[in-house]
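The following report examines selected helices, void spaces and buried sites of one protein model. The sequence and structure are shown first.

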Amino acid sequence: MYSSFCGRKQILDLVKKRVADLKEGYRQNLCLIGSQHIGKSAILQKFLSDMDDHAIVAVYLDLESRDLDYMVSKTIRSLIYQFLKQKGSAFTEDFTLMAETARPLIPLTVSAADAISSAMSKGRLVEAFDALLRLPDVFSLETGLACVMVYDEFHQIDEFGVPDAFKKLADRITTQKQCLYILTSSFEERAKKILAEKLTLLFGNFEMVDVEPLDLKGAHEFISCRLGEIRMGLQLRNFLSDFTGGRPLYLDLMTAELINLSAIYKQPEVYAPLVVQSIENLIFSRWGALSRHFELIVSHLCTGKTNRLTTGLLLSLANGRHKSNEFLTDIGCGKSHLTQRLAFLIDEDIVEKNGTFFYIKDKLFRYWLKYVLQRRLKAVDMEPTRERKELKEEANRAISDFQVSVRQDLPSRIIEVLGHFENDQLSLRGRKYRIPLLKGMRSLKMRHHGGSSFDVISAETEDGPWLLVLRKDPLAEADINAFTDEAKKMGLKPKRCVIVSLSELDASTRLKALEEEMWIWNEQELNTLMNLFDKPYVMP
């Protein structure tokens with residue numbers, strides 16, 4: 001778990017509510033889906049450390065790279081240990097002593113645990129797995145306590161050598177009244193397929209919870225928690241939040257390095273040179289923690305005969321190629337091989353497909369591929385002094401480019417990103433859109449009788465004109481009416497109107513916009529576009 005738990009309050013509160021609901025007789029199982037190192041385990045560890053309910057026993061299993069023997073042993077030990085702990089008797093973690101202490105108090109549970117262990121020792125894996133899934137029922141009936149079973153990286157169960165393991169789990173979940181399941185997975189496509197095909201239940205379907213990177217507010221909170229009394233200006237905090245993509249692991253390592261450098265140079269405030277130095281140490285250095293982390297990812301992905309193709313595809317994506325025809329031109333490979341590699345990278349949660357676009361999900365990994373791995377592969381002269389100088393210049397340029405970009409006005413930034421579309425499909429928060437080639441885009445001001453004004457982008461398409469209305473401040477229903485009235489006065493009859501608001505619309509305003517057949521894009525949709533084309537996020 002990260003040393004500072006910040007953000008994620010909404011998800012943490014949901015987990016706590018679902019556990020509280022279990023005691024009231026309502027059960028809604030959860031599945032947390034998010035990339036590796038996004039903070040799923042931190043949420044669960046925080047929940048478990050905060051939990052102080054003597055009516056519930058929670059069992060946490062980290063199944064990543066584990067086997068059935070681990071699942072059996074950890075489940076049995078955890079149930080008995082947590083029970084004895086609640087009774088004030090958990091003085092040891094030695095299982096034999098625990099079992100003998102618990103036997104007079106919960107003989108049925110201990111006897112069932114003995115039978116499971118015996119089946120495992122004799123290689124009867126299916127029998128042991130079936131009995132293990134029944135163990136929470138035995139425990140709850142005997143103790144009157146509810147169970148919360150937490151399976152971190154639950155998809156790993158498919159590798160345990162038990163036929164139809166998820167069907168068996170689904171059958172058991174449908175009958176369990178006093179057991180709540182909380183699952184997590186770092187592999188979205190794999191997890192959703194399992195949930196849709198193997199864990200589709202008559203009762204107890206899983207509530208899907210997407211764990212996204214920290215938003216700007218959450219990232220700032222994380223940075224402040226980690227730095228403590230060390231000061232850091234708003235612009236640099238914004239840069240660090242954007243540069244790391246809001247991923248807690250990267251923020252944790254970057255802030256730890258800044259704390260170390262601040263102590264070395266006796267600086268109570270972080271300035272740009274310290275940020276540059278931390279990037280050098282962690283990302284550019286061959287032995288930097290993040291550089292080694294990314295090298296291991298590439299090593300895992302690029303093995304065997306597909307090494308050259310996978311490396312080429314990753315670098316093509318990192319350099320801003322997003323479509324299949326661009327990859328084919330860039331790499332020079334057959335379409336079938338390219339399709340297979342893209343499917344593999346999507347399954348490994350490295351690449352995401354959005355409409356007609358492909359992109360690397362992890363912003364910092366994308367940066368490392370472009371400015372570190374690519375440089376190493378192309379370098380003919382590995383003179384260390386020159387390499388360090390070039391990398392330092394690149395880190396300074398990253399900060400400078402970020403500051404220039406975020407100082408641009410919103411219309412200019414949106415015009416820049418929309419210029420990449422050529423009748424392409426994409427999805428924003430689950431809704432599908434088709435964005436045509438927008439010609440002659442220009443920014444203008446539109447005023448109405450109330451004295452306020454709108455930033456508007458006008459553009460031409462083959463089907464007719466488009467208008468995009470931009471507002472940072474909250475937009476009201478009256479504003480929608482004023483805009484449509486003003487557009488009529490100016491003789492503008494757009495084929496498509498898009499409301500781009502950095503503030504969430506209230507229900508009446510949203511309804512009015514939908515009645516006018518307007519598209520509504522908020523901060524999240526806008527930043528999906530920015531991330532797709534490797535642009536800094538829009539700050540509210």
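In this predicted model, the buried residues of α21 pack against α20 (477-489) and β16. Those buried residues are Thr509, Lys512 and Ala513. Viewed along the axis of α21, they fall within an arc of 100 degrees and so line one face of the helix. An α-helix has 3.6 residues a turn, so residues three or four places apart point the same way. The face of α21 turned away from the buried side carries the exposed residues Ala507, Leu511 and Glu515. After α21 comes Glu517, which has a positive phi near 60 degrees.

Which residues does Met518 touch, apart from those up to four places away in sequence? Its contacts are Ile480, Phe483, Thr484, Cys497, Ile499 and Ala513. Met518 itself lies in the loop between α21 (507-515) and β16 (519-521). Because the cut-off for a buried residue is under 20% relative accessible area, Met518 counts as buried at 3% relative accessibility. The C-alpha atom of Met518 is separated by 9.9 Å from that of Leu467, a residue 51 positions away along the chain.

A second buried loop site is His155, found between β3 (146-152) and α7 (165-175). His155 has a relative accessible area of 6% and is therefore buried. Leaving aside residues up to four places away in sequence, His155 touches Phe166, Ser185, Ser186, Phe187, Arg190 and Ile194.

The helix α22 is mostly covered, with 7 of its 10 residues buried. These are Glu525, Leu526, Asn527, Leu529, Met530, Asn531 and Leu532. The buried residues of α22 pack against several helices and strands, namely β9, α17, α19, β10 (424-428), β15 (496-501) and β16. Just after α22, Asp534 adopts a positive phi of about 60 degrees.

One of the strands packed against by α22, β10, pairs with β11 (residues 431-435) in the antiparallel sense over 5 bridges. Within this pairing, Asp424 has Ile435 of β11 as its bridge partner. The two strands form a hairpin with 2 residues between them, and Arg429 in the turn has a positive phi of about 50 degrees.

Attention now turns to empty space. Rolling a probe the size of a water molecule over the atoms shows where such space is left. The second largest pocket has a volume of about 720 Å³. Of the 32 residues that line this pocket, Tyr371, Phe533, Asp534, Lys535 and Pro536 are the closest to its centre. Asp534 is thus both the residue with positive phi just after α22 and one of the residues closest to the pocket centre. At least two lining residues of the pocket come from each of α10 (234-243), α14 (307-318), β9 (357-360), α17, α18, α19 (410-418) and α22 (523-532).

The model also holds 2 cavities of 30 Å³ or more. The second largest cavity has about 30 Å³ of space, and its lining consists of Phe284, Tyr371, Val372, Arg375, Arg376, Glu387 and Leu391. Two or more residues of this lining come from each of α17 (363-378) and α18 (384-407). Tyr371 lines the second largest cavity and is also among the residues closest to the centre of the second largest pocket.

The table sets out the two spaces.

| Space | Volume | Element giving the most | Lining by class |
|---|---|---|---|
| Second largest pocket | about 720 Å³ | α18, 6 residues | 14 nonpolar, 7 polar, 11 charged residues |
| Second largest cavity | about 30 Å³ | α17, 4 residues | 4 nonpolar, no polar, 3 charged residues |

How many helices and strands does the protein have? There are 22 helices and 16 strands. The C-alpha trace spans about 85 × 65 × 55 Å along its principal axes. Of the 540 residues in the protein, 51% are buried. Among contacts with a separation of 6 or more, 68% are between residues 24 or more positions apart.

Methods: Residues numbered from 1 in each chain as written. Predicted model: local features only at pLDDT ≥ 70, side-chain atom pairs only at ≥ 80, totals over all residues. Heavy atoms only, no water. Buried < 20%, exposed > 50% of the residue type's maximum accessible area, 1.4 Å probe, protein only. Contact = heavy atoms within 4.5 Å. 1 Å grid on protein atoms, 1.4 Å probe; cavity = no way out; pocket = protein on both sides within 12 Å on 5 of 7 lines; lining within 4 Å. Points joined across faces, edges and corners; volume = space filled by probe spheres on them. Nonpolar A, V, L, I, M, F, W, Y, C, P; charged D, E, K, R; others polar. Arc of directions from axis to C-beta. Pairing = 2+ DSSP bridges.
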